Structure formats: structure tokens, C-alpha cells
Amino acid sequence: MTPWLASLLQIDPPDEGTRVAFGDAYFVVRDGILRSERTSSSRQRQTEHTFGFKWTRHDSFEGDAWQMNLRQWLAEKYGNIEQYLPDDNFLLCDAGCGASVSALQLFEPVLGRLRYLGVDVSDAVDVAHERCKSRGVDADFLQCDLNALPLPPGSVDVIFSEGVLHHTDSTERALKALVPLLRPRGLILFYVYRKKGPIREFSDDYIRAKLAGSTPQEAWDAIMPLTRLGKALGELDAEVNVPEDIDILGIPAGRINVQRLFYWHVCKAFYRVDFTLEEMNHINFDWFAPANAHRQSPDDVRRWCVEAGLIIERELVEDAGITVVARKAIAPCAA
Ligand SMILES: C[S@@+](CC[C@H](N)C(=O)[O-])C[C@H]1O[C@@H](n2cnc3c(N)ncnc32)[C@H](O)[C@@H]1O
């Protein structure tokens, strides 16, 4: 364990195999990482297993096109992050780090001047550990539910939580569990899924429920035919004119690519011409396999931010989700 994490946790650096208590919560050190022994809900455990599986499939997210696409999307959503960040040696908590894929892309220009604490409930922390080590990042990790982090209140400068809060048991509760860890004027950057139209919402829930009892490998395989359909629709490269707004289904009038019409309004079946089938399946698996995948409205997110004592500095509402950069108020904000 890095001296800075031990100091943050107010413990002596523990040896391999040592159990450490934080109140009534026990952690144990395995392979150099402090891991919570706490059990979570069955939905959270299922979600954890799907991500533990997904982040070991390196062939599905390490490719250049995949990484470049992510980098561009993050840059568009968050803008120039340097304008928000504190000075040198700040503590960045990547809450739900997965394999640290997004953080390594978004924070790449400032990796040399931060301490990176990756937190994930799943075994993805081991993948993240390796990826950060090979890039020389000053990183440490906790395998733990982000709702029960053993960090002192007000101890974190920046929290990043990209595509995570909606995979916990409650998006709202997770956001409100993280904010107290921020120091006053500390920054949080997060992205959560947005509610879609009625057919998409139905097919999302239907497929997710169908996969609930599957192993991650079974779910991966079950989604593959849908991925192939998305590819076939994408390769059609055809457009259709929706002649007028279909309000009852939330489908707007106008010309739209047939694959995008299917994707946004019927069923998620990702397509990009420069992605491999495995990479497209990764994106569909990420969406359908976790039991926890809550969708929210922009108004929900704004209300939770106010209630949590956050001031929103940047917000981007896309069809897929809602990206927020917010700062913790010095005093609680008025609701
Ligand atoms: C879609 S992945 C995003 C990973 C990473 N933020 C990125 O963008 O590269 C969601 C991650 O959240 C983690 N996660 C889900 N629920 C969590 C929880 N309650 N506490 C901590 N991590 C959680 C999953 O294990 C998974 O690795």
C-alpha cells in the first residue's frame, strides 16, 4: 500500500493478509489491495460479477479505435478539465474505476501531478492496478462498494465517476454517499444514464431481466446475435424519413439512419464501422448484463445535486446520458 493511502485511511501500511477494521466494516489485504469483506445485495453482486468478467476481456476495449472514440467522447463531455482542477499533487478518487479506462484517457495530461485512488466493487481493481502500474501512475486501489468507502469526510479533492452511479443499488444514494468525501469546493465529475423512450425502456428491462440468471459468459454469448443485427443494420448505411413526430413513442420527425432509429427507439444494438464485433458486443454487454442499470431524467440529477450540496458548473444532456461537473458548496445550498 502506498504511504499516502495508509495516511489517508489513518492506518499503518498493513501487510499482505492483514485484516483491518474501519468501524464495524472489515477489509483484508490481498495482492497488495485492501478489499472489503462486506457483502452487498444480490443485484449489486450480480452487477459486480458482470464487470469483473467484462474488464478481463482486454480484446474488447484495448483497441486503438475503441480507445480513441472514448477519448473524444470524454473530451467533448467534460471539456478542458484542467480549468477545473486544483494544483499539483491532488487526490483523485475514481469511484467505480473498472479498468481505469476512462480516467487514464480523460486525466492523461495531468497524471503526473495527482494521486490516483481507484475504487471498484469488482475484481476490475486488479486489471486497473496493472494498467496504472504499466503507465507509471502514482496509484492505489480499494475494492469496496463506493457507498461504504472508509475515507474521512472532506478528504478528497476530485471525484470522477464515469458510468458508475447507475450500476449501484440507487443512483441517488450513491451520489449522496460520495459528496461528503469531497473537501469544500472539491470537484465531482460524473456521467449517468438518461431515461429513453417507452419501447427502448421496455426492451432494456426485458433483456436485462432475461439475462439475470445467466453467467457473464452466457450473457456475453446471448447478446452476440443482437450485436450482429446492429452491425447488419449499420452496414445497410440507409436512412429513413420519419414523416412527423410520433409523440406517443417519443420518436421525433426527420431523417435518421435506420440503425440509429433501431438503437435509440427500439433496442440497443451498438454499431461503429471502425469497431470489431467483440468491441461492439462489449458495449451491448455493458448495457444489458448488469442487473443494476438505472436511468434518470436531467431533473432528477439536478435535484440530487442540490440536495447533496453541489453547484453544477457544467452539464451535458445527451440522448444516452447526463454528464455533470459540479463543485461542493462551502455551505449547504438552498433546495
Ligand atoms: C461501466 S463501468 C465504468 C468503469 C470506469 N468508470 C470507466 O468509465 O472506465 C462501471 C464500473 O462500476 C463498478 N461499480 C458498480 N457498482 C459499484 C459500487 N457500488 N461501488 C463501486 N464500484 C461499482 C463496476 O464494477 C464497474 O467496473
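Reader: Which residue has a side-chain N or O atom 2.9 Å from a nitrogen atom of the ligand?
Author: Keep in mind that this is a predicted model. A pair of N or O atoms counts as a polar contact within 3.5 Å, and the pair here sits at 2.9 Å. The side chain that supplies the N or O atom belongs to Gln 44.

Reader: How much of the ligand's accessible area does the protein cover?
Author: Taken on its own, the ligand has 600 Å² of accessible area. Once the protein is there, the covered share of that area comes to 96%.

Reader: What about oxygen: which residue has a polar side-chain atom 2.6 Å from an oxygen atom of the ligand?
Author: This one also falls under the polar-contact cut-off, which is 3.5 Å. The ligand brings an oxygen atom, and the polar side-chain atom 2.6 Å from it is part of Ser 102.

Reader: Which elements give two or more residues to the shell around the ligand?
Author: Two helices do this. One spans residues 42-54 and the other 101-106. Their names are helix H2 and helix H4.

Reader: And which residue uses a polar backbone atom 3.3 Å from a nitrogen atom of the ligand?
Author: Here the backbone does the job, with a polar atom 3.3 Å from a ligand nitrogen. That backbone atom belongs to Val 121.

Reader: Which residues come nearest to the ligand?
Author: There are 20 residues around the ligand. By class, they split into 8 nonpolar, 8 polar and 4 charged. Those that come nearest are Gly 96, Ser 102, Asp 120, Leu 146 and Glu 162.

Reader: Is Asp 12 buried or exposed?
Author: Asp 12 is placed in the loop between helix H1 (3-9) and strand S1 (19-22). A residue needs over 50% relative accessible area to count as exposed. Asp 12 has 67%, so it is exposed.

Reader: How far apart in space are Asp 12 and Asn 147?
Author: Along the sequence, 135 residues separate Asp 12 from Asn 147. In space, going from C-alpha to C-alpha, the distance is 24 Å.

Reader: How many helices and strands does the protein chain have?
Author: Its secondary structure comes to 11 helices and 12 strands.
The chain is as compact as a globular protein of its length, because its radius of gyration is close to what the globule rule gives for 335 residues. That radius of gyration is 20 Å.

Reader: What share of the residues counts as buried?
Author: The cut-off for buried is under 20% relative accessible area. Of the 335 residues in the protein chain, the share that counts as buried is 54%.

Technical notes:
Residues are numbered from 1 along each chain as its sequence is written. This is a predicted model: local features need pLDDT of at least 70, side-chain atom pairs count only at pLDDT 80 or more; totals for chains, interfaces and linings use all residues. Side-chain values use heavy atoms; hydrogens and water are left out. A residue is near a molecule or strand if one of its heavy atoms lies within 4 Å of it. A polar contact is a pair of N or O atoms within 3.5 Å; within protein, one must be able to donate a hydrogen and the other to accept it, and residues adjacent in sequence count only if both atoms are side-chain atoms. Accessible areas come from the Shrake-Rupley method with a 1.4 Å probe; for residues, only the protein chains shown count as cover. Helices (H or I, at least four residues) and strands (E, at least two) are DSSP runs, numbered from the N terminus. Ala, Val, Leu, Ile, Met, Phe, Trp, Tyr, Cys and Pro count as nonpolar, Asp, Glu, Lys and Arg as charged, and the others, Gly among them, as polar. Buried means under 20% relative accessible area, exposed over 50%, partly exposed in between (1.4 Å probe, protein chains only). The radius of gyration is taken over C-alpha atoms; the globule rule is 2.2 Å times the number of residues to the power 0.38.
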